[in-house]
Amino acid sequence: MKGKYRYTILGLLFLATAINYIDRQIIGLLKPTLEKEFSWSEQDYANIVFWFQLMYAAGYMLAGRFVDRVGAKLGYGVAVLLWSIAAMAHAFVRSTFGFNIVRGALGFSEGGNFPAAMKSIAEWFPAKERSLASGIMISGTTVGPILAPGIVLWLADRFGWQISFIVTGALGLAWLIAWSMVYSKPEQHKGVDVQELAYINTGSTQEKEGKVPLKVLLSRKATWGFFLATFLTDPVWWFYLFWLPSFLTNKGMLKTEIAFPLTIVYAVTAVLSIAGGWLSSFFIKQGWSVNRSRKITMLICVGLALPVVLIRFSDHIWLSVMIIAVAAAAQTVWKGVLLTTVADQFPKKAVSSVTGIGGLGGAIGGMLAAQGVGMLLDAYKMNNNINGGYNLIFILCGLAYLIAIGLFHGLSPRLKTAEVG
């Protein structure tokens with residue numbers, strides 16, 4: 001019976017991702033409070049999101065190369081240390097400009113999460129389990145927002161918004177202690193027996209050591225397929241994360257009432273994201289090729305994400321909430337499978353770098369989308385029709401997946417390991 005220590009590592013990846021998204025979600029939850037205290041317009045808030053995205057783009061790209069150079073243990077540890085400090089620094093900001101600075105610092109350091117997590121999964125899981133592992137790790141992006149409303153809003157109401165930032169930021173420091181004690185490569189880990197190590201290496205080939213030049217990775221169509229798919233679809237998740245609380249309040253909910261529907265959205269997303277990750281792995285175990293299993297799962301995600309275009313026809317808030325919940329779940333499954341295709345197409349020594357390149361695309365898309373959303377909502381607000389602005393944005397969210405899957409398949413018609421030297 002093979003060991004299961006790899007799931008201990010996966011548990012830490014899940015926790016880091018959950019903490020990462022608690023730190024991201026807090027600004028959206030406290031938006032009504034902060035916009036009153038600092039007199040923010042929608043564009044002011046969009047600018048704060050923009051600086052997060054801009055620095056996240058830079059951090060994601062650099063983190064990919066950094067993690068491939070120093071390894072997952074040190075690379076992940078540095079990222080979590082820096083983003084925890086940046087998160088707590090929000091408590092000491094006294095101006096809108098200050099929020100631009102600390103959000104930028106948070107974005108830059110949080111860019112290390114996915115490159116380090118995917119490198120860890122590539123090292124610790126065989127190909128047939130990577131999609132499930134990615135799905136479980138990605139579910140942290142929804143569990144974090146599930147936990148965040150209760151933690152953040154309670155702390156803010158009881159002790160002030162500053163304490164919310166300090167407490168949530170400190171969670172990363174606690175995780176860092178566990179990571180430093182638990183993680184190492186499987187072949188060096190005392191908790192991994194011979195059987196589990198052999199299972200982890202199922203289907204793997206011996207790789208030459210060394211770093212892959214960036215120009216080589218940029219010359220591969222698979223890199224650009226991943227980049228463009230992430231560019232188009234990551235902004236959808238950012239929109240849900242940063243503007244969903246505001247959408248609910250504009251639909252007539254009080255600030256104290258939004259925690260429950262947000263919890264519903266992210267709970268549905270968490271469950272379905274794990275199920276979606278399992279689905280691709282299940283297809284492989286049934287004898288499907290990696291290419292077919294990944295692409296069919298992605299196509300299912302497109303079908304689940306599209307109904308958000310119909311929100312403009314829904315006057316019932318809870319129907320809208322459930323449509324968004326399913327669409328958000330589709331995004332997390334899509335993201336998990338998309339990240340897994342990097343390990344399917346590139347050797348382990350290049351996984352973080354390619355993940356970083358794709359993350360750069362997603363962050364650039366999110367950065368541009370943040371500016372567009374801010375300008376669009378301000379324009380519709382001036383005409384006393386802000387819900388019309390949200391309706392148009394939801395249509396664009398649904399259509400993004402149709403374009404993305406076409407481009408991804410066109411550039412990666414067959415998922416196979418690229419020759420990178």
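A nonpolar core is a set of buried Ala, Val, Leu, Ile, Met, Phe, Trp, Tyr and Cys residues joined through side-chain atoms within 4.5 Å. Welcome to a predicted model, in which local features need pLDDT of at least 70, side-chain atom pairs count only at pLDDT 80 or more, and totals for chains, interfaces and linings use all residues. Residues are numbered from 1 along each chain as its sequence is written, and side-chain values use heavy atoms, with hydrogens and water left out.

**View 1. The largest nonpolar core and Trp334.** This core has 124 residues, and those that touch the most other members are Tyr76, Phe99, Met137, Tyr240, Trp243 and Trp334. Take Trp334 as a place to start: leaving aside residues up to four places away in sequence, its contacts (heavy atoms within 4.5 Å) include Met298, Cys301, Val302 and Tyr401.

**View 2. Cysteines 301 and 397.** The structure holds zero disulfides, a disulfide being a pair of cysteine sulfur atoms within 2.5 Å. For Cys301, the nearest cysteine sulfur belongs to Cys397, 15 Å away, which is too far for a bond. Are these two cysteines buried or exposed? Both count as buried, with relative accessible areas of 2% for Cys301 and 5% for Cys397. Here buried means under 20% relative accessible area, exposed means over 50%, and partly exposed lies in between (1.4 Å probe, protein chains only).

**View 3. A nonpolar patch on the surface.** Phe66, Val70, Leu74, Val78 and Leu82 make a patch of about 370 Å². Patch residues have over 30% relative accessible area and no salt bridge; like charges are joined within 9 Å, and nonpolar side chains (Val, Leu, Ile, Met, Phe, Trp, Tyr) within 5 Å. A salt bridge is a side-chain nitrogen of Lys or Arg within 4 Å of a carboxyl oxygen of Asp or Glu. Areas come from the Shrake-Rupley method with a 1.4 Å probe. Helices α3 (42-70) and α4 (72-89) each supply at least two of the residues, and α4 gives the most, with three. Helices are DSSP runs (H or I, at least four residues), numbered from the N terminus. Leu74 sits in α4 and is partly exposed at 47%.

**View 4. Ser39 and Asn384, two residues with positive phi.** Most residues other than glycine have a negative phi. Ser39, however, has a phi near 55 degrees; you can find this serine in the loop between α2 (31-38) and α3, exposed at 60% relative accessibility. Asn384 also has a positive phi, of about 55 degrees. Its loop runs between α16 (348-382) and α17 (386-411), and Asn384 is exposed at 75%.
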